[in-house]
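This report describes one protein model for a reader who has not seen it before. Please have the sequence and the structure at hand while reading.

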Amino acid sequence: MESIRPVAAQQNLPVLPLRGLVVFPHMQVHFDVGRTGSLAALKAAVSSEQKIFLAAQKDMTVDEPKPEDLCNVGTIAEIKQIIKVKEDTFRVLVEGLYRARLLTVLQPEAHMQGTVRRCLERRVTDPIQQKALLRECQTAFREYAQLSQHIPSDMPMRVAGTQNLGWLCDYLAANLDLPVEDKQFILETTAVQSRAQYLLRVLREEADILQLENSIQQRVQESMDQNQRDYYLREQLRVISDELGESDSPLEEAEEYMDRIDKLPIDDDSKKKLNKEAEKLAKMPVGSHEATVVRGYLDTCLDLPFGKKTREHIDLSKAKKQLDKEHYGLQKVKERILETLAVRKLNDDAKGQILCLVGPPGVGKSTIARSVAQAMGRKFARISLGGMRDEADIRGHRKTYIGAMPGRIISAVISAGVQNPVLLLDEIDKVGNDYRGDPSAALLEVLDPEQNCGFVDHFLEIPFDLSDVFFITTANDIDGIPQPLYDRMDVITLSSYTAEEKFEIAKRHLLRRQLHKNGLSSKQVVSPSQVLRMLIAGYTREAGVRTLERTIESLCRKCAKKIVEDPSIKTIRLTPALVEEMLGPKKFKDDVLGEKDEVGVVCGLAWTSVGGETMPVEVAVLDGTGKVELTGSLGDVMKESAVTAISYVRARTERFHIAGDFYKTKDIHIHVPEGAVPKDGPSAGVTMATAMVSALTGIPVRRDVAMTGEITLRGRVLPIGGLKEKTMAAYLHHMKTVIIPKENQPDLFEIDPVVRENVRFVTAESIDTVLENALTRMPGETVHDASASVQQPAPAGC
């Protein structure tokens with residue numbers, strides 16, 4: 001319980017507003033007075049009883065406060081001392097006497113004069129409760145004092161020595177660094193118990209705040225001390241290195257690496273990884289092996305073109321001119337590439353398109369990829385995958401191994417210097433595998449748009465974005481590409497060159513390049529068109545133009561030798577006779593059809609990785625005991641095709657007017673020339689069956705007919721692959737008619753227009769159609785009726 005004093009009398013006193021200051025009873029405070037109204041109030045107080053009413057402003061930013069700007073409760077104080085500090089500023093020492101409430105304010109011109117009444121305290125009547133509150137306040141102060149660094153030295157003793165709870169609350173509020181609002185609330189609280197409870201709450205809150213501030217300050221200080229310690233030790237190491245004459249300081253080198261790492265546009269985890277390696281380098285001797293490994297690792301990572309990209313300049317007209325300038329023909333391939341460039345121009349974010357150029361050697365796959373890079377305005381890099389068997393060639397070696405290095409992909413990107421080059425993966429069909437891993441499996445991540453945005457090389461151990469790289473792959477054989485890898489690529493097929501295309505390429509590109517390479521000019525060596533056609537027909541037999549270029553180079557070398565040996569020779573005009581003198585006789589005879597149709601000889605068609613080839617099949621029927629001989633390095637599938645053809649003929653002996661016991665009385669020898677070359681596949685089935693029927697019936701086979709197709713026991717002709725290359729070979733060998741399976745008819749659209757114009761295509765669903773078009777007459781017909789069994793020529797491209 002608390003006691004209540006009688007109501008105090010009122011009195012009129014000058015009023016002095018205070019900014020940011022609360023004066024408590026029994027406390028001495030000094031402050032400066034400089035405002036005109038405040039000086040007038042101070043002067044009025046000095047001229048009367050030396051007493052003045054001190055009231056805190058509600059808003060300390062107000063320069064000329066009005067009565068409503070003052071707090072209602074303040075302190076009546078006695079002026080003890082006044083010292084003039086400046087011309088218009090005085091320092092005043094006052095002592096608070098007691099609390100008072102401002103009732104009314106009279107504001108003359110000079111200062112405010114107010115009517116105030118003393119506020120009497122309501123003391124705690126229960127001595128035990130008072131003692132408990134006193135102890136709580138003293139304990140809270142001690143906890144606060146342990147955390148605060150701004151407690152006067154005599155304050156703890158005065159707090160511990162008092163037994164007056166009201167005075168203790170005023171003393172603590174006046175001397176502690178509390179907010180003005182809290183001090184004013186304590187001043188306005190006349191009940192000592194409430195004042196003590198509020199002070200306890202404020203002290204505990206301030207103690208918690210101080211404890212948090214001290215914790216933060218301690219952590220900052222520890223960090224500063226550690227940094228100062230590190231700096232001091234680094235300076236010592238630097239001085240020691242200078243004294244030892246070691247010009248390379250590991251600390252300076254590590255700091256340089258860290259500065260470069262901080263500037264990289266990479267994620268925080270990657271920066272943390274690289275900075276950790278740089279810190280390791282700072283602790284290693286300069287010439288140690290470990291330091292060399294770390295230094296090489298950091299140099300490789302910093303050489304990566306993070307964020308560096310070439311700006312694309314896609315102009316379809318210029319791209320078309322670029323492709324036409326460097327490549328003759330290949331219209332479908334060029335059109336397909338221009339379509340890809342058009343899509344990329346319309347959609348800058350188009351990613352993930354991977355082109356695969358498939359075709360025989362020497363048709364310009366690699367040079368097309370380089371032209372694409374030039375057309376897009378991008379950097380170009382090439383990786384040869386032929387014979388690669390180690391997965392580490394793609395993903396890199398872990399840096400713990402001696403001689404470790406990044407994979408070929410990352411190395412190519414570093415050499416290009418940008419994050420979005422055109423990257424050519426050459427000979428992707430010739431990737432092998434062994435106990436060291438499967439490189440084609442590693443390429444699945446590289447060529448997958450959903451995964452390569454975070455490709456992690458084993459050497460780098462940090463992710464690198466490959467999604468902006470334009471991948472172009474090349475291959476000779478689609479069958480050599482693993483199916484998962486094949487599914488990720490957009491295949492563009494390049495066919496073999498025709499003789500006319502080879503002539504134009506040699507005239508426009510190869511001859512000029514070899515003349516320049518061998519130091520000759522077009523005036524020194526004159527090569528007429530007939531000489532180039534002679535080189536194509538007589539000295540080369542290939543799908544591309546590499547051998548043709550080597551032949552032209554050989555011719556240029558011999559011309560250069562003649563000019564150097566005899567300076568009087570100014571011009572060499574090549575002629576067919578001079579070419580044969582320089583290069584020797586022709587290696588290949590002109591493909592002239594035989595003078596007559598032969599029995600048991602049929603021209604088949606084969607596909608190889610270097611293009612199409614003609615494959616003659618010869619069958620001889622001899623008196624014997626029914627033996628079957630197969631020669632010519634035939635594979636198992638091709639041998640099975642021969643057995644199937646024999647079984648089909650045996651089943652149709654009456655239809656073909658063949659002796660029913662021929663398989664007992666005749667030996668059959670099937671031979672495919674060029675016995676040193678392995679051959680396999682089912683597409684020679686119709687060829688063997690036709691040759692066998694011709695040999696057993698004695699009916700000749702037309703010399704200008706070629707064929708391809710698989711045969712069944714019931715005589716059906718099944719579809720085959722590689723039709724484009726096979727028909728090109730038939731055209732180059734001057735075949736007039738090509739028999740193909742009926743199910744391959746849709747593939748005729750992909751055949752070269754020149755071939756469609758010059759070759760008649762016959763689609764066969766059964767072997768009967770093949771025989772009707774291949775034999776000079778059907779079995780059982782007379783020579784006079786033979787012409788009636790032959791189909792009329794079909795339109796080109798049917």
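Strand β10, residues 380-384, has two unlike faces: Ala381 and Ile383 make up the covered face, while Phe380, Arg382 and Ser384 make up the uncovered one. In a regular strand the side chains alternate between the two faces of the sheet. The strand is joined to β11 (residues 422-426) by 5 bridges, and β10 and β11 run parallel. Within this pairing, Phe380 has Val422 of β11 as its bridge partner.

The model is a predicted one. The average pLDDT of the protein is 83, and 92% of the residues score at least 70. Two stretches have low confidence. Over residues 1-7 the pLDDT stays under 50, and the model has 24 contacts beyond four places in sequence for them. Over residues 786-798 the pLDDT also stays under 50, with 27 such contacts in the model.

**Strands around β14**

Strand β11 also pairs with β14: the two run parallel and are joined by 4 bridges. Strand β9 (residues 355-358) pairs with β14 as well, in the parallel sense and over 4 bridges. Ile472 of β14 takes part in both pairings, standing opposite Leu424 and opposite Leu355.

How many of the residues of β14 are buried? Strand β14 covers residues 470-475, and 6 of its 6 residues are buried. Phe470, Ile472 and Thr474 point one way from the strand, Phe471, Thr473 and Ala475 point the other way, and all are buried.

Beyond four places in sequence, Ile472 is in contact with Leu355, Leu357, Ala369, Val372, Val422, Leu423, Leu424 and Leu425. Ile472 is also one of the residues with the most contacts inside the largest nonpolar core, together with Leu341, Ile552 and Leu574. That core has 51 residues. Helix α19, residues 546-565, gives the most to this core, with 7 residues. Apart from it lies another core, of 50 residues, which includes Tyr257, Leu264, Ala291 and Leu385.

**Three loop residues**

Val23, Gly34 and Asn744 each have a place in a loop. The table gives the loop and the relative accessible area of each.

| Residue | Loop between | Relative accessible area |
|---|---|---|
| Val23 | β2 (10-18) and β3 | 3%, buried |
| Gly34 | β3 (28-33) and α1 (36-47) | 39%, partly exposed |
| Asn744 | β25 (737-741) and α26 (753-758) | 2%, buried |

Val23 counts as buried because its relative accessibility is 3%, under the 20% cut-off. Beyond four places in sequence, Val23 touches Leu18, Val29, Leu54, Thr75, Gly96 and Leu187. The C-alpha atoms of Val23 and Ser366 are separated by 92 Å, and these two residues are 343 places apart along the chain.

Gly34 is partly exposed, with a relative accessible area of 39%. Leaving out residues up to four places away in sequence, Gly34 touches Leu39, Asp88 and Thr89. From the C-alpha atom of Gly34 to that of Lys502, 468 residues apart along the chain, the separation is 105 Å.

For Asn744, the residues touched beyond four places in sequence are Pro719, Ile720 and Leu723. With Ile720 there is also a polar contact, in which the side chain of Asn744 reaches the backbone nitrogen of Ile720 at 3.0 Å.

**Helix α27**

Helix α27, residues 767-774, is mostly covered, with 6 of its 8 residues buried. The buried residues of α27 are Ile767, Thr769, Val770, Leu771, Asn773 and Ala774. An α-helix has 3.6 residues a turn, so residues three or four places apart point the same way.

**Cysteines**

How many disulfides does the model have? The count comes to 0 disulfides. Why does Cys169 not form one? The closest cysteine sulfur, in Cys137, is 4.7 Å from the sulfur of Cys169, which is too far for a bond, because a disulfide needs the two sulfur atoms within 2.5 Å. Cys556 is in no disulfide either, and its nearest cysteine sulfur, that of Cys559, is 6.3 Å away. As for accessibility, Cys169 counts as buried at 0%, and Cys556 is buried with a relative accessible area of 3%.

Notes: Residues are numbered from 1 along each chain as its sequence is written. This is a predicted model: local features need pLDDT of at least 70, side-chain atom pairs count only at pLDDT 80 or more; totals for chains, interfaces and linings use all residues. Side-chain values use heavy atoms; hydrogens and water are left out. Buried means under 20% relative accessible area, exposed over 50%, partly exposed in between (1.4 Å probe, protein chains only). A polar contact is a pair of N or O atoms within 3.5 Å; within protein, one must be able to donate a hydrogen and the other to accept it, and residues adjacent in sequence count only if both atoms are side-chain atoms. Contact means heavy atoms within 4.5 Å. Two strands pair if DSSP finds at least two bridges between them. pLDDT is the predictor's confidence in each residue, from 0 to 100. A nonpolar core is a set of buried Ala, Val, Leu, Ile, Met, Phe, Trp, Tyr and Cys residues joined through side-chain atoms within 4.5 Å.
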